[in-house]
Amino acid sequence: MAHRTVVQQDPISVARRRCLVQLAALPLLGAGFEGIAATLPLPKRRVPVSGEQLPVIGLGSTKAVMQLGEPGAADALAAVLRALRAAGGTVVDTWSRDPALDIKTGEVFQRDGLLDDLFIATKIDTDGREAGIAQLEANERAFGRASDLVQIFSLRDADIHWPTLVARKAEGKTRYIGVTVSSDSDHPAIMAFMRRERPDFIQVNYSVVETAAESGVLPMAADLGVAVIVNRPFTNGEYFQRVRDRALPDWASAAGIKSWAQFSLTYVLANPAITCVLTETTNPAHLADNLVAAFLPSPDDELRRQMRDYIRQMG
Ligand SMILES: NC(=O)c1ccc[n+]([C@@H]2O[C@H](COP(=O)([O-])OP(=O)(O)OC[C@H]3O[C@@H](n4cnc5c(N)ncnc54)[C@H](OP(=O)(O)O)[C@@H]3O)[C@@H](O)[C@H]2O)c1
C-alpha cells in the first residue's frame, strides 16, 4: 500500500503568508492599505506594567509633522496614519513643538476618527515645572485629548518633570509615563533613571547599526518590567546611505528579508525586551515595507551576529 505524507497547514502560517504577500505587493501596486483587508493584524507585545498589548511597529512622526506647513503635507500624514491603522498599527510618537504645528498635528489626528484608534506618545521638551505643565496642557488642547503616554524628551530637566508626570498618572490624567534618549552616550543616565524611578516606558536608540542598548539598557528594562519603544531604527536615514548600492546578502534573502529596512527591523524585533519600534516615514510604500518586518521569522543569535558583522564591515 502506498503511503502518503499529509502536511498539516498551520492556519496562522497560512494567514501570515497571505498577509505578507498582500503587504509586499502594495508598493508595487502603488496602493495604500485602504480597501485591502489585512488578513492578519500586526503582532503585538505586552506592556509589562498593565498587560495591554501594543502593535510592534509604530510611527515616528517627526519629519511628517515638521513638514505640516507645506501644501499637501497634512493629507500625506493622514494617509500614512490611515495606512498604519488599516494594518492594525496604533502607536504614534510625537512631541510639542511650536503651538501652530501642534494645532495642525491635532487637526490630522482628529480626521476620520484616527484619534480614537491611535496610541499617542507625546513628550515634554522644556525646562522648568510650570513650563512643562503648560506644554502638556497646550498639547492636550491641540490634540483634542490627553496622550496615552507622556515622556520626558532626552531626560531634559527630568528630576523636575518626573514628579509632575507621577502626579498626573495618579490623578488619571495620563495612562503611562516614561523617558526617552536617542544617543548611546545617554544610556548610563537612562539606566540610572530606570533603576531609581521605574518608569512604565523608556524610549531608546537601537538598530543593527546602533547595538549598544543590548548590553545594558535592554536587559535592565526586561528585568525591571519596563516597556521599550525603539527610536532611530534606521539612524534617521543614515543607514540607507550606508547600504546604498548594496544588494541584500543571499543569507538574508533566505531568511525572508526583502529590503534593507526589514533587515534592521527584524534585528530589532528579535530582542524580546522590545515592545514597539518606531519607524519614521512620510511614504506609505515605505510604511508597507516596514510593516512586513513584523511578520518575518525572528533571526536566531547566529544570524543576528552575522547581520551585525555585515553592517559593521561596511564602515
Ligand atoms: N529623543 C527622542 O525622544 C527621539 C530622538 C530621535 C527620534 N525619536 C523618535 O523616533 C522616531 C524614528 O527615529 P528617527 O527619527 O531617527 O528615524 P528613522 O526611523 O531611524 O529613519 C527615518 C528615515 O528613514 C526613511 N525610511 C523609513 N522607512 C524606509 C523604508 N522602508 N525604505 C527607505 N527609507 C525609509 C525615512 O524617509 P521617508 O520619509 O522617505 O520614508 C526617513 O528619512 C522619530 O520620528 C521620533 O518619533 C525620538
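Here is a short dialogue about a predicted model.

Student: What makes strand 4 and strand 5 a pair?
Tutor: Two strands pair if at least two bridges are found between them. Strand 4 (residues 91-93) and strand 5 (residues 119-124) have 3 bridges. So they count as a pair. Their sense is parallel.

Student: Which residue of strand 5 stands opposite Val91?
Tutor: Phe119.

Student: Where do these two strands belong?
Tutor: In a closed barrel of 8 strands, which runs 3-4-5-6-7-8-9-10. The pairing is parallel. From one strand to the next, the twist averages 25°.

Student: What holds paired strands together in general?
Tutor: Strands of a sheet pair through backbone hydrogen bonds.

Student: How do you know which residues surround the ligand?
Tutor: A residue counts if its C-beta atom lies within 6 Å of the ligand. There are 28 such residues. The closest are Gly60, Ser182, Asn231, Gly237 and Ala261. Helix 2 (62-66), strand 10 (276-280) and helix 13 (284-292) each give two or more residues to this shell.

Student: Why is Gly60 called polar?
Tutor: Gly is counted among the polar residues, so Gly60 falls in that class. By class, the shell has 6 nonpolar, 17 polar and 5 charged residues.

Student: What makes Val204 a contact of Val228?
Tutor: Contact needs C-beta atoms within 7 Å. Val204 touches Val228, and also Val181, Ile190, Ala213, Val217 and Val230.

Student: Which residues have the most contacts inside the largest nonpolar core?
Tutor: Val204, Val228, Val230 and Val277. This core has 83 residues. Helix 12 (residues 260-269) gives the largest share, 7 residues.

Methods: Residues are numbered from 1 along each chain as its sequence is written. This is a predicted model: local features need pLDDT of at least 70, side-chain atom pairs count only at pLDDT 80 or more; totals for chains, interfaces and linings use all residues. Helices (H or I, at least four residues) and strands (E, at least two) are DSSP runs, numbered from the N terminus. Axes are lines fitted to C-alpha atoms, for helices over the stretch in contact, and angles run from 0 to 180 degrees between N-to-C directions. A nonpolar core is a set of buried Ala, Val, Leu, Ile, Met, Phe, Trp, Tyr and Cys residues joined through C-beta atoms within 7 Å. A residue is buried if 20 or more other C-beta atoms lie within 10 Å of its own, exposed if 12 or fewer, and partly exposed in between; C-beta atoms are placed from the backbone. Two residues are in contact if their C-beta atoms, placed from the backbone, lie within 7 Å. Lists of a residue's contacts leave out its neighbours within four places in sequence.
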